[in-house]
Amino acid sequence: MHLKSKLAGAAAAAVLAFGISSAAQAQLKIGFVYVGPIGDHGWSYEHNQGRLAIEKALGDKVTTSYVEKVPEGADAQRVITKLASSGHGLIFTTSFGYMNPTLRAAKRFPKVKFEHATGFKRAANMSTYSARFYEGRYVVGKIVGNMTKSNTIGYIASFPIPEVIRGINATYLAAKSVNPDVKIKIVWVSTWFDPGKEADAAKTLIDQGADVIMQHTDSPAPVQVAEQRGVWAVGQASDMTAFGPKAHLTSIIDNWAPYYIARAKAVLDGTWKSTDTWDGFKPGMVEMADYNKAIPERVVALAKATRAGIEAGTIHPFTGEIKDQSGKVVVPKGKTADDGMLAGMNFYVQGIEGSIPK
Amino acid sequence: MSIDWLVPAILTIVTAATPLVFAAVGETVVEKAGVLNLGVEGMMIMGAIAAFATAVATGSEVLAILAGAGAGLLLSLIFGVLCVYLQSNQVATGLALTIFGLGLSALIGHSYVGKTFGGLAKLDIPGLSDIPVIGPLIFGHDALVYLSVVSVALVAWFLNRTRGGLLVRAVGENHDAAHSIGYSVTLIRMGAILFGGAMAGVGGAYLSVAYTPLWVENMTAGRGWIALALVVFASWKPWRAFFGAYLFGGITIIQLYAQGMGVEVSAQFLSMLPYVATILVLVVISRDSAKARLNAPACLGKNFHASG
C-alpha cells in the first residue's frame, strides 16, 4: 500500500485521538479502493476524479477516503474489510478482481452499502456498475475508418477478456462500415499498464503499416509515440490530447462522476437499492474528448450523428447481421446483440484476422 | 522479411534494453563489492521522476540526466548508511528502499502527471546518420545509448584490469581479509553502492526522458527486478549482463512484431518468452558451476563489522 494512504491513516488516527471529529457523526463516509495508482492518468485516475466530484457536489455531507494500488486478492479483502469496519457507509471497489472480496465483506457488514465495478455478483447491499465503452469504440471506429490511408488500424490490447474483445469488434464493425478495405492489426501486451511496453507495441504497429494507433491499455505512451511518428492515435480512459496534440484524434473518457454522485445521494436519502447498472453515452458515463481539428467536418458530423443515434437508441453497435470468424451468424439480421452476449463476448467478428489468445 | 522492417525493430530493441543495461551494470559493481541492493526498482523510479521534473522545469536534458543520477545516488546513500554503517539486513533494507522509492516518487510526481516535454533528441550527424541501414543503426541513437555501452566497457575494464577493481572484488570476496591488510571495507562498499545508485538513477532517467518522455506512477513497471535478475544470471560479468539486457529487450520486441505479422502463437506464451529465453541462455553460458561459484562474490549479502 501507499505512503499517502498511510499518512492519511495516521492523520485520521490523530484526529480521532483528539476527538475533533465530533461533527463527523452525521456525515456519510465513502471509501474507494483502486487497483492502480491515482496518478496513472487512466483507469484509477478517472475513478478518483469521480470521488473528487462527490466531494465537490455534496460538500460536508460526506467525507471520502481511498486506498490505491490494492492488489486483487487477499490484500483487497483486508482493505475492504478495514474500510467497512471503520465507519464507511458506502464503499466503491473499482476493479473486476475485487468481486469476491467485496461480496464477502457485503455479507459480513449488512449495513454497509457496496458498489463493485465491472463484476456480475450482487447482494442486497452490493450493486454492480460498468460502462458501455464499446459505444465509444464504435464512434471511434467511424472516425478511424475514415482517417486511415494505409487501411491499417493498429490496436494495442491488454488481456483477452470480453471487455477488450467487445472493444475490438465494435471498432472493426464501425471502421468497416465506412471503409470496406480496412484491416485491424492487434498486438496483445499482457499488461494494463507498462508505458515502455505500450510504446514498443505502438512502434511495432507503426513499423508494420498502421497509421492509426488505438489502445486498450492505460498509459499515454502510445499517443506520444504516434505524435513522434506522425500518425493518428486514440486515447483511453482520460483525455490524452496533451501527449500528442497533432496525433490525438479523440479519447474515450470514463466519466464516473454522475453515477457516483447519484449513488452517494441515494444513500443520504435512504433510497439506495442494490442494482446492476451498465450505462453508456446517455447518462454521460462514457464521454468523448474534443475531436481533433484535423478531422474533416464530414467525419466529425458522422461521429456526432453516430453518438446521437446510440443515445437515442436508433443505432446499436452490434446490429445484425454479424458473423463470427467461422462464418456462423451470431446476431441475425435486424436483431441487436443482447447484454448477455455482449458481457460474454469471446469471438472476433468476421473480417478480423488472427485469433484470440486462449 | 525485408530490411525496412528490421532497422526500426532494432532501434526499438535498443531503447528497450538501455535502461536495463544501466541498472544491471551498476548493480554488478555493488554486488561485486559484496552488497546485495534489492532497491534497484526504487532507485530507478526516483531517477525517473527527478529527471522528468528537472526536464520540465529547465528544459535541459543534461541536467535531467544528472538529476536522475543524483536521485538514485541519494536513495542509495540511505541504503548504504543503513547497511554498511548501521549493519541492517541488506535484503530487508533493499526491499524497503524499493517500496520507499515507489511511494516517494508518486508523492513528488503527483503534479507532473499529464505533463510532457519534447524528449531526448536522437544523435544526428549530417552525412553519417543518413547512410541507409548502417546510418540509423550506428549513428541514430540518443546520447545515453552510447553512454550505456561506454559504461559497460569502463566497468568491465575497471573490475578486471585496475587496482581499484581488484579492491572492490577483494572486499566482495573476503571482507575480513581485505580489512586485515588495511583497506577500508566500509568506504569501498559505500563507493560501490553510490555508483550503483547513480547508474540505476540514470536507467530510470532514460525511461522518463528518452524511452517514453512522460511521468506516470510506477512507470518502471518491474524493470529494476529484471536488471537484478540479469546480474545474477550473467554471473556478475558486465558484458554478459549487457548481452542479457539486449536479449531480453530483443525478444520482447520481436514477439510484438511477430504478433503484428499474425504469427499464430498464443500471446501469453510470447509474453513469457523474454523471461524464459533470457534465463535459459544466461544459465547455459554460465553453466560451468565451478566457474560460476568462483564468480559469485563470496561475501555477497553479508554485513561487515570491524570488531567481528
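User: How are α10(B) and α11(B) oriented to each other: roughly parallel, roughly antiparallel, roughly perpendicular or oblique?

Analyst: In this predicted model, local features need pLDDT (the predictor's confidence in each residue, from 0 to 100) of at least 70, side-chain atom pairs count only at pLDDT 80 or more, and totals for chains, interfaces and linings use all residues. Residues are numbered from 1 along each chain as its sequence is written, with chains lettered from A and ligands numbered from 1 in the order in which they are written. The axes of helix α10 (residues 223–233) of chain B and helix α11 (residues 238–260) of chain B come within 9 Å and cross at roughly 130 degrees. Angles under 35 degrees count as roughly parallel, over 145 as roughly antiparallel, 65 to 115 as roughly perpendicular and the rest as oblique, and α10(B) and α11(B) are therefore oblique.

User: Which residues of α11(B) make the contact with α10(B)?

Analyst: Contact here requires that C-beta atoms, placed from the backbone, lie within 7 Å. From α10(B) come Ile226(B), Leu230(B), Val231(B) and Phe233(B), and they are met on α11(B) by Ala241(B), Gly244(B), Ala245(B) and Phe248(B).

User: Into which domains is chain A divided, and how many Å separate their centres?

Analyst: The bounds, which come from an automatic or database domain assignment, give domain 1 (3–131) and domain 2 (133–254 + 286–343) of chain A. Between these two domains, 8 residues from domain 1 and 10 residues from domain 2 take part in the contact. Taken over C-alpha atoms, the centres are separated by 32 Å.

User: What is the average pLDDT of chain A?

Analyst: In chain A, 93% of the residues score at least 70, although over residues 1–25 the pLDDT is below 50. The average for chain A is 90.

Technical notes
Axes fitted to C-alpha atoms, helices over the stretch in contact; angles between N-to-C directions. Helix = DSSP H or I, 4+ residues; strand = E, 2+ residues; numbered from the N terminus.
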